[in-house]
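Here is a friendly note to read beside the model. Take the points in order, and keep the viewer open as you go.

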Protein chains: 2
Amino acid sequence: MFDQGDGAVVEHKTSRDPAMTDVARLAGVSHQTVSRVLNGHPNVREQTRLRVRAAIAELGYRPNKAARALVTGRSQLIGVVAQNSTLYGPASLLAAFETAAAEAGFAVSVGRVNVLDRNSISDAVERHRDQRVAGIVVIAPTASANDAVGAVSAGIPLVTVDGDPERSTPLVTVDQAAGAFAATRHLLDAGHRTVWHVSGPSDWFDSLGRIRGWRSALETAGMEVPPVVPADWSASSGYRAGQMLARMPEVTAIFAANDHLALGILRAMSERGRRVPHDVSIVGFDDVPEAAYFIPPLTTIRPDFHAVAKETLELLLAQVGDGDVGAPQRTVAPALVQRDSVAPPTE
Amino acid sequence: MFDQGDGAVVEHKTSRDPAMTDVARLAGVSHQTVSRVLNGHPNVREQTRLRVRAAIAELGYRPNKAARALVTGRSQLIGVVAQNSTLYGPASLLAAFETAAAEAGFAVSVGRVNVLDRNSISDAVERHRDQRVAGIVVIAPTASANDAVGAVSAGIPLVTVDGDPERSTPLVTVDQAAGAFAATRHLLDAGHRTVWHVSGPSDWFDSLGRIRGWRSALETAGMEVPPVVPADWSASSGYRAGQMLARMPEVTAIFAANDHLALGILRAMSERGRRVPHDVSIVGFDDVPEAAYFIPPLTTIRPDFHAVAKETLELLLAQVGDGDVGAPQRTVAPALVQRDSVAPPTE
DNA sequence: TCTACAGATGTTAGCGATAACAGCGCCTGT
DNA sequence: ACAGGCGCTGTTATCGCTAACATCTGTAGA
């Protein structure tokens with residue numbers, strides 16, 4: 001029955017990852033001490049701490065997050081619910097948030113949803129709760145999404161992004177109105193008598209906020225407020241709006257609700273022989289990467305998605321800590337990016 | 001010492017979620033039987049099964065994934081490593097994969113990476129392993145990403161998407177060459193003597209594959225192969241390439257490596273007074289949502305991202321099951337979408 | 001009638017971490 | 001010299017689940 005000892009000689013006896021007890025044995029301490037070192041507990045002798053760290057490094061030990069999640073009831077995971085689209089704004093927001101969360105040591109689990117209605121969002125939230133996520137972020141740019149969020153928020157840190165500014169639950173948004181105000185103001189400052197607005201879909205808060213800011217800038221300046229030209233977010237709808245506006249000689253300045261709309265408008269103007277910015281000035285919104293390469297390069301409003309992501313994370317983590325932080329709303333002011341699509345009116 | 005019974009009367013005594021034992025107690029069975037019902041184990045009497053299901057429904061019980069992950073060593077999570085960009089192809093791929101995984105009951109954890117180098121990718125992969133993900137998907141469209149993946153794949157199911165078709169590890173890609181071949185062939189069929197190509201960045205496999213397919217179509221047809229016009233993926237670089245090509249009267253057909261390049265080329269042609277498709281025919285690649293609204297609507301190649309996502313998931317799950325499936329490479333053929341940017345050459 | 005076996009269920013033992021408490025030195029104050 | 005406290009470490013229980021084995025029932029075959 002004498003065992004040749006092959007079990008004792010082999011260092012990595014099986015493929016099993018090292019656990020905390022393995023580290024403890026190697027360092028000559030208890031697993032609890034290892035845990036304390038890992039969690040930065042103060043009452044550990046420096047020498048012990050070093051020994052444990054050395055053992056961790058030697059074994060290539062990495063803590064099992066599932067075990068930790070089980071005992072603490074929370075994982076280092078944040079769930080995000082987002083619509084299944086590639087629209088620039090939401091997609092950028094999502095990417096920025098993933099980056100910010102990773103920097104803070106959180107993993108991000110994304111639950112895509114095809115339509116932003118109550119059932120879909122509620123399902124996605126429940127799936128995340130099953131994972132024992134630390135918190136949930138919902139990107140809810142439309143009215144229906146906003147209503148749905150109101151119905152599900154319960155018992156877990158939750159932050160809405162890009163939702164209704166009037167919400168009473170934690171929310172972070174780009175200050176659409178401020179951006180629109182700045183855009184409109186910029187056109188008025190250039191000497192235009194009024195500014196036309198091609199807007200996004202009316203069930204998006206982004207659209208409403210931008211309309212509000214635009215109108216407010218005109219009213220503040222005592223200028224006439226022309227009717228809103230409705231569109232969706234697409235270049236094609238911008239093109240159609242542009243075809244109409246190009247036929248109206250009194251139109252000298254346009255604020256487009258996003259850069260894609262602006263692109264369509266540029267195209268329509270160009271086809272009608274109305275030069276930008278000589279005959280017509282245009283400002284967009286979003287600062288998509290291509291905006292600097294439009295013809296002419298587009299003056300636009302740049303939302304700081306990185307800042308939005310950071311605020312969102314902060315708001316979420318504050319809830320994890322205190323359980324309740326009231327219902328703070330935070331807005332992030334966008335910046336005007338001046339390029340070559342704005343000039344004083346001629347004549 | 002008589003207790004008024006407030007503990008017994010209150011159904012939801014605390015905020016604690018119901019656990020398997022709670023369900024078991026209510027159904028009058030052991031927690032193991034509940035587990036068997038949940039996992040579809042065959043040896044459970046139908047009547048018992050119903051009783052358990054009723055108890056589950058009554059309590060609103062949802063299994064704790066962390067506990068399951070701890071005991072099985074694997075979570076129902078799939079990690080995705082992707083670059084922090086909003087380029088249409090990778091972004092669409094990611095969204096499609098998230099949807100496909102959700103349909104299969106998996107959550108998706110996204111690890112964004114700013115540059116696709118070895119360290120970043122390796123870090124992201126390790127972070128996912130800490131979460132005990134069931135498998136990892138790396139979107140690796142560039143050479144550096146591909147090398148990095150080669151260095152880290154170890155001991156966990158891993159599928160590369162959009163990587164080097166010559167890889168020896170599991171991989172799913174769009175068949176770039178086939179798409180490019182079809183695009184080029186389509187232009188030749190329209191009667192053009194040859195087809196020029198504006199390509200993407202040379203460190204992307206997508207670019208290389210599209211060049212290969214284009215060249216192959218020309219050679220197969222016995223046509224002259226003009227020099228590749230290099231660009232990146234942006235509309236602006238397409239515009240610059242287009243300015244050059246517009247000056248060359250012998251250029252009657254262009255295959256652009258993606259739709260944004262095509263957009264820039266369209267713009268340049270329009271400015272130079274070369275009409276599309278009357279004077280010059282153009283085919284793009286990607287079928288971005290706006291492509292149907294370009295002027296003129298763009299004939300392009302549509303990759304089936306949904307199919308790529310599905311194949312990727314299959315390949316991943318196959319590895320989870322068997323541990324090893326060899327090194328299958330799967331490609332998904334894209335489709336030609338005919339619109340109005342192609343016509344026979346004039347004269 | 002009794003054994004054998006299979007199906008249905010229960011019991012026990014972990015998975016790998018944290019939480020709570022216990023114990024052991026050593027310094028301090030009196 | 002001794003109680004008390006603090007700093008460091010170890011021991012034990014626990015989270016909610018699955019795996020493995022044990023037990024119990026009923027039925028078929030000898």
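What share of the atoms of DNA strand C within 4 Å of the protein belong to sugar or phosphate?

1. The share is 57%, and the rest of those atoms belong to bases. Before going on, note that this is a predicted model, in which local features need pLDDT of at least 70, side-chain atom pairs count only at pLDDT 80 or more, and totals for chains, interfaces and linings use all residues. Residues are numbered from 1 along each chain as its sequence is written, chains are lettered from A and ligands numbered from 1 in the order in which they are written, and side-chain values use heavy atoms, with hydrogens and water left out.

2. Stay with DNA strand C for a moment. There are 28 residues around this strand, and A:M20, A:Q32, A:S35, A:Y61 and B:T48 come nearest (a residue is near a strand if one of its heavy atoms lies within 4 Å of it). A backbone N or O atom of A:M20 lies 2.4 Å from a phosphate oxygen of the strand. For B:Q32, a polar side-chain atom lies 3.4 Å from a base oxygen of DNA strand C.

3. Now look at DNA strand D. Of the 28 residues around it, A:T48, B:M20, B:Q32, B:S35 and B:Y61 come nearest. Sugar and phosphate make up 58% of the atoms of DNA strand D that come within 4 Å of the protein. A polar side-chain atom of A:T33 is 2.8 Å from a phosphate oxygen of DNA strand D, while an N or O atom in the side chain of A:R36 is 2.7 Å from a base nitrogen of that strand.

4. How are the two protein chains related? A turn of 180 degrees with a shift of 0.0 Å along the axis lays chain B on chain A with an RMSD of 0.1 Å (superposed by least squares on the C-alpha atoms of residues with pLDDT of at least 70 in both). That is the relation of a two-fold axis. In chain B, the residue closest to the rotation axis is B:S109, at 2.1 Å (C-alpha).

5. Finally, look inside the protein. The largest nonpolar core has 109 residues, and A:I254 and B:I254 touch the most other members. Such a core is a set of buried Ala, Val, Leu, Ile, Met, Phe, Trp, Tyr and Cys residues joined through side-chain atoms within 4.5 Å, where buried means under 20% relative accessible area (1.4 Å probe, protein chains only). Another core, of 36 residues, lies apart from it and includes A:A124 and B:I121.

Note on methods
Polar contact = N/O pair within 3.5 Å; in protein donor to acceptor, adjacent residues only side chain to side chain. Buried < 20%, exposed > 50% of the residue type's maximum accessible area, 1.4 Å probe, protein only.
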